[in-house]
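Several descriptive terms are easily used for a structure without saying what stands behind them. Could you go through such terms and show what each one rests on?

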Amino acid sequence: MKNKVIKLLAIWGVLIFSSLSSFNSIFAQSAMTNVPARHCINLNGKWQVIIDPTGAGDWRQVWQEKKPEKKTDFIEYSFEGGPLLNVPGDFNSQMTELKYFEGTVWYKKTFDYNLDKGKRLFLHFGAVNYLANVYLNGNLLGKHEGGFTPFQFEITKEVKKGGNTIVVRVNNQRLKDGIPGLGYDWFNWGGITRDVNLIETENSFINDYFIQLKKHSYNEVLGWVKLNGNNLYQSVSIKIPELKVDYKTRSNSEGLAEVKFTSKFKLWSPGNPKLYNVIIESETDTVTDYIGFRSIETRGTKIYLNGNPVFLKGINIHEENPLRAARAFSESDALILLTWAKELGCNMVRLAHYPHNEYMIRLAEKMGIMVWDEIPVYQQIEFSAPGVTDKMDLMMREMVSRDKNRSGVIIWSLSNETNTSPGRDNALITLTDKCRHLDSTRLITSVINNQDYKNNILSVVDTLYRHFDIISLNEYLGWYVPWQGPARNVKWNLVCKDKPIVISEFGGEALYGSNYGPKDEAAFWSEEYQEQIYKDQVAMFGTITDLCGVCPWLLADYRSSGRMHPVYQNGWNRKGLLSDRGDKKKAWYILKAYYESINNIY
Ligand code: GCB
């Protein structure tokens, strides 16, 4: 068993390294786990910025911050006297000039520090969308690609006593070989969108750990602790005071310690979102977490939570607070979104289409809401472009690494609506296998939408789902695809009949307050039309035998520049059950009643 665990640990270590090194010469380090529990100095607040639509800052080398020495030194940039932006936060919603901006913004922040001898310092970003080049005191620390996952740099050697300057070149231009690629149906919020922290640690510290129930078990924890530093060979303990657990182990010469113990847990569930205070201790460091223990698995065509069949009453959510028309980033944003989800009767949220901020994940867990966590491998990804599969790999690792101790997270979703091709199949099958290696305890899926719908028969032609734990299907019957017969008579034709099915999207647009008018065209944007889609869909759900969950598109209207109808959309995707002001549309009540009618112990 010991060998097996060490092998698993080796997979984490080796694969993180190899995926990083293959597409970036100076790359960020993968972030340490559980940042909120560390000794952090927060760098949030006002940052000075230079807006750089032409990329002139690159050749002027603005990170060097040259200052004029004599009157005839004409240096054509300066952070001093320029605008300020809030961090965290997208830049588009903070200045009218930046509303549709997709390009470079340079950010600058100064800080004083006095690092005691023997301590280490890390600069940690919760997320920067999309490319970040990070400089400290005029020198490049490294780069990170990907807008929704954390990364860090160790700055122990670089940090100066007294004043230091961080400059970040943030670029949110769409890339053909980016993830997501050029086209996506959400707003491209750029900027330093999540918290920035300095994290001080001891020389040897607890870098990471995985403490979850072993697959299929309700009482056995199987995991590991990983130390970082000079002193890797240490005694390590896991304490759960409430359960009187005091498990002791030792790390090996690579700083890896196996964790394996049993206890009588009150299992986490939506009805009882029990979290335990867990103390992870080495000789040189202590990290405290709140961890839940639960089992999630499939057997045949059913999903089981803690051994009980569960129907996922889901809702899709974008990481956007519609009331501010801005990227969501705080615990209070998360509270608004998740309180709505609760009121709707949901027991799960699909955090579309990328990993949301950690407040959202942790609050959902606390509130008893299961989470579907996803990476932005979305629609037209260029699977064959050089480096793309490495980027997918890295994003999957960064998501799993951050959220793997959250019992609320039950699903890793690795893509949404990709077109069939051998390149795509290979890439997604490989990614699924790697994800399963990293974490065998959760369900893995990819969302597919390649269906044929003729004579009221819906045939799923994309059979990639054979490789996943659940079959996740998006269908827009009643909206993009007109009904071809009564909804309750739709026949579902699946090639693979031994897995649970979840409808991961359905819905239609409605402008709040728009009702059937004398003109026909108005019907398609009215609340009544959206309401009818929900009624028809609910009628159809009743006929799908292996249906284990539904997840409508989506909780609230959200910004999407491609939605250009000047009257009904005006830059918003209107498929929300709530308007951009939080008003409930008629369809809200249909879904709520449906969820209330489902006899589910969760
Ligand atoms: C989809 C996508 C989702 C879109 C939605 C829509 O299938 O997965 O991201 O925004 O349709 O509104 O059309």
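The questions below take up the whole chain, then one tryptophan, then the ligand, in a predicted model.

Q: Why does the radius of gyration of the chain agree with that of a compact globule?
A: A compact globule of 602 residues would have a radius of gyration near 25 Å, and because the chain has 25 Å, the two agree. The C-alpha atoms fill a box of roughly 75 × 65 × 45 Å along the principal axes, and the chain is made up with eight helices and 36 strands among its elements.

Q: What share of the residues in the chain is buried, and what share of its contacts joins residues at least 24 apart?
A: Buried residues make up 60% of the 602 residues, where the word stands for under 20% relative accessible area. Among contacts between residues at least 6 apart in sequence, 73% join residues at least 24 apart. The accessible surface of the chain comes to about 23,300 Å², and 51% of that belongs to carbon and sulfur atoms.

Q: Why is W372 called buried?
A: The term requires a relative accessible area under 20%, and W372 has 0%, so W372 is buried. This residue lies in strand β26, which covers residues 370-374, and, leaving aside residues up to four places away in sequence, W372 touches residues including M348, L351, I411, T445, V447 and V502.

Q: What makes the pair W372 and S413 a polar contact?
A: A polar contact calls for N or O atoms within 3.5 Å, and the side chains of W372 and S413 are joined at 3.4 Å, so the pair falls inside the cut-off.

Q: How do you know that H353, Y480 and E505 make polar contacts with the ligand?
A: The cut-off is again 3.5 Å between N or O atoms. An oxygen atom of the ligand is 2.6 Å from an N or O atom in the side chain of H353, the corresponding distance for the side chain of Y480 is 2.4 Å, and a polar side-chain atom of E505 lies 2.7 Å from an oxygen atom of the ligand. Each of these distances is therefore within the limit. Taken alone the ligand exposes 320 Å², of which the protein buries 95%.

Q: Which residues come nearest to the ligand, and how many in the shell are charged?
A: Of the 14 residues around the ligand, D185, H353, E417, Y480 and K575 come nearest. By class, the shell has five charged residues, alongside five nonpolar and four polar ones.

Methods: Residues are numbered from 1 along each chain as its sequence is written. This is a predicted model: local features need pLDDT of at least 70, side-chain atom pairs count only at pLDDT 80 or more; totals for chains, interfaces and linings use all residues. Side-chain values use heavy atoms; hydrogens and water are left out. A residue is near a molecule or strand if one of its heavy atoms lies within 4 Å of it. A polar contact is a pair of N or O atoms within 3.5 Å; within protein, one must be able to donate a hydrogen and the other to accept it, and residues adjacent in sequence count only if both atoms are side-chain atoms. Accessible areas come from the Shrake-Rupley method with a 1.4 Å probe; for residues, only the protein chains shown count as cover. Ala, Val, Leu, Ile, Met, Phe, Trp, Tyr, Cys and Pro count as nonpolar, Asp, Glu, Lys and Arg as charged, and the others, Gly among them, as polar. Helices (H or I, at least four residues) and strands (E, at least two) are DSSP runs, numbered from the N terminus. The radius of gyration is taken over C-alpha atoms; the globule rule is 2.2 Å times the number of residues to the power 0.38. Buried means under 20% relative accessible area, exposed over 50%, partly exposed in between (1.4 Å probe, protein chains only). Contact means heavy atoms within 4.5 Å.
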